[in-house]
Amino acid sequence: MITSTPASTASSSRLMNVDALRGFALFGILAVNICVFADGYYGSGVANPHFDSWLDHTARFAVTMLFETKFYLLFSFLFGYSFTLQLASAERAGRSFRPRMLRRLGGLFVIGLLHGALLYHGEILSTYAVLGLILLAARRISPRAAIVAAASLIGLAGALWIALGTAAIASGGSADPVAAADNASRMSDAYNGSIGTVAGYHLGELPVAIVAIIGLQGAGALAMFLLGLAAGKVEFFADVDRYRLLLARILRFGLPIGLGGAAIYAYSATMRPGTGWEWLGFGISEVTGPLLTASYVALGLALFRTSIGAAVVRGFAPAGRMALSNYIGQSLVLGIVFTAYGFRLTGDVGPLGTIGIAVVVFCAQLWLSGWWLRSHSYGPAEWVLRAITIAGRPAWRR
């Protein structure tokens with residue numbers, strides 16, 4: 001017998017699935033960002049000589065293959081999807097969407113800059129705010145046009161990095177290990193100094209980091225914004241059964257291709273860092289990474305339909321509902337663990353240890369998020385951003 005589900009219950013279930021995916025993305029972001037705090041060599045093109053065992057390389061390979069360049073894509077996709085929900089909410093309320101979204105993006109930009117200056121110079125919120133202006137301008141684009149534009153961005157970015165990598169391989173260039181060691185030492189000295197040296201380091205590195213993030217992730221983030229926008233316009237999460245064939249094809253073709261590209265990138269970044277091979281691998285990841293991210297979504301949606309998956313949704317959705325607070329909270333906790341804000345462990349924890357710390361931090365966030373939302377309507381950062389968005393004072397407690 002088929003029974004109908006009340007509209008409000010079905011809508012709540014769909015939103016919980018989106019929030020659960022966002023909560024899952026939080027762990028992927030944490031697994032990558034913790035490497036920046038723990039290792040001054042991260043991103044330098046030179047492997048840390050102090051952690052050179054097979055176990056260290058295996059842990060780096062796993063994080064690079066499964067998480068790096070994948071979960072900011074998932075976050076970006078969900079950002080674009082949530083954009084359509086906010087647009088629909090404004091229309092239902094009979095309010096003008098554009099000024100509300102401009103205030104929201106402005107608030108996100110300021111929050112991002114403060115986050116970057118004080119806690120984590122590699123932050124992406126300010127970049128999201130700038131790219132969000134493009135999304136706002138393109139809000140009336142058709143789903144088909146959004147998909148074509150996204151695919152073009154992904155293809156062009158991938159082709160550019162592959163070309164750069166090929167040229168670097170031909171020239172035989174590689175990263176300077178002396179410069180990498182100097183930069184790692186400078187970061188370690190700042191992080192192990194005082195609160196002032198930590199904040200000064202973040203503030204000094206922030207402009208360079210923003211430019212690097214735009215260059216490395218800007219095209220991919222914007223592409224996923226557009227794919228999320230397209231998914232929202234066709235109400236993808238409202239009727240997942242309608243797209244079962246698409247999800248099956250993603251898993252059949254996208255998952256092996258995505259894993260293959262991820263393995264190539266992980267090998268090049270772990271075994272040939274700082275060379276043209278790493279750039280070439282990154283270019284391949286630019287093209288195949290969205291397929292692996294889409295596979296994560298498909299696997300998540302399949303899991304959520306099971307009895308075990310229902311428990312996963314209940315556990316992950318609260319963290320996803322307050323993703324902004326948790327993202328900033330992760331940087332705060334990592335600052336306490338690794339810098340002069342607390343225990344000064346930068347350079348002392350190997351790759352496997354950082355994975356363990358990430359798991360512990362994320363599990364704590366899952367519990368704290370559920371506890372907080374039992375009595376509050378929003379996370380602390382979400383409350384501030386909503387107040388800016390509506391130019392008013394939202395309810396603090398339920």
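## The second largest pocket and two buried residues

The largest share of the lining of the second largest pocket, 5 residues, is contributed by helix α10. The structure described here is a predicted model. In this model, the second largest pocket holds about 650 Å³ of space, and of the 20 residues that line the second largest pocket, those closest to its centre are Phe-77, Leu-227, Leu-246, Ile-250 and Ala-294. At least two lining residues come from each of the helices α6 (143-171), α8 (195-233), α9 (244-271) and α10 (276-304). As to the character of this lining, 19 of its residues are nonpolar and 1 is polar, while none is charged.

Two individual residues are set out next, each with its helix and its contacts beyond four places in sequence.

| Residue | Helix | Contacts |
|---|---|---|
| Ala-319 | α11 (residues 307-321) | Gly-23, Leu-26, Asn-326, Leu-366 and Ser-369 |
| Asp-56 | α2 (residues 54-66) | Phe-51 and Pro-351 |

Ala-319 has a relative accessible area of 1% and therefore counts as buried, the cut-off for that term being under 20%. The C-alpha atom of Ala-319 lies 7.6 Å from that of Ala-20, although the two residues are 299 residues apart along the chain.

What is the nearest side chain of opposite charge to Asp-56, and how many Å away is it? That side chain belongs to Arg-60, at 5.3 Å, and Asp-56, although buried, has no salt bridge. A salt bridge requires a side-chain nitrogen of Lys or Arg within 4 Å of a carboxyl oxygen of Asp or Glu.

Notes
Residues are numbered from 1 along each chain as its sequence is written. This is a predicted model: local features need pLDDT of at least 70, side-chain atom pairs count only at pLDDT 80 or more; totals for chains, interfaces and linings use all residues. Side-chain values use heavy atoms; hydrogens and water are left out. On a 1 Å grid over the protein atoms alone, a cavity is a set of points where a 1.4 Å probe fits but cannot get out, and a pocket is an open set with protein on both sides within 12 Å along at least five of seven lines; lining residues have an atom within 4 Å of a point. Grid points are joined across faces, edges and corners, and a volume is the space filled by probe spheres set on the points. Helices (H or I, at least four residues) and strands (E, at least two) are DSSP runs, numbered from the N terminus. Ala, Val, Leu, Ile, Met, Phe, Trp, Tyr, Cys and Pro count as nonpolar, Asp, Glu, Lys and Arg as charged, and the others, Gly among them, as polar. Buried means under 20% relative accessible area, exposed over 50%, partly exposed in between (1.4 Å probe, protein chains only). Contact means heavy atoms within 4.5 Å. Lys and Arg count as positive and Asp and Glu as negative; His and the chain ends are not counted.
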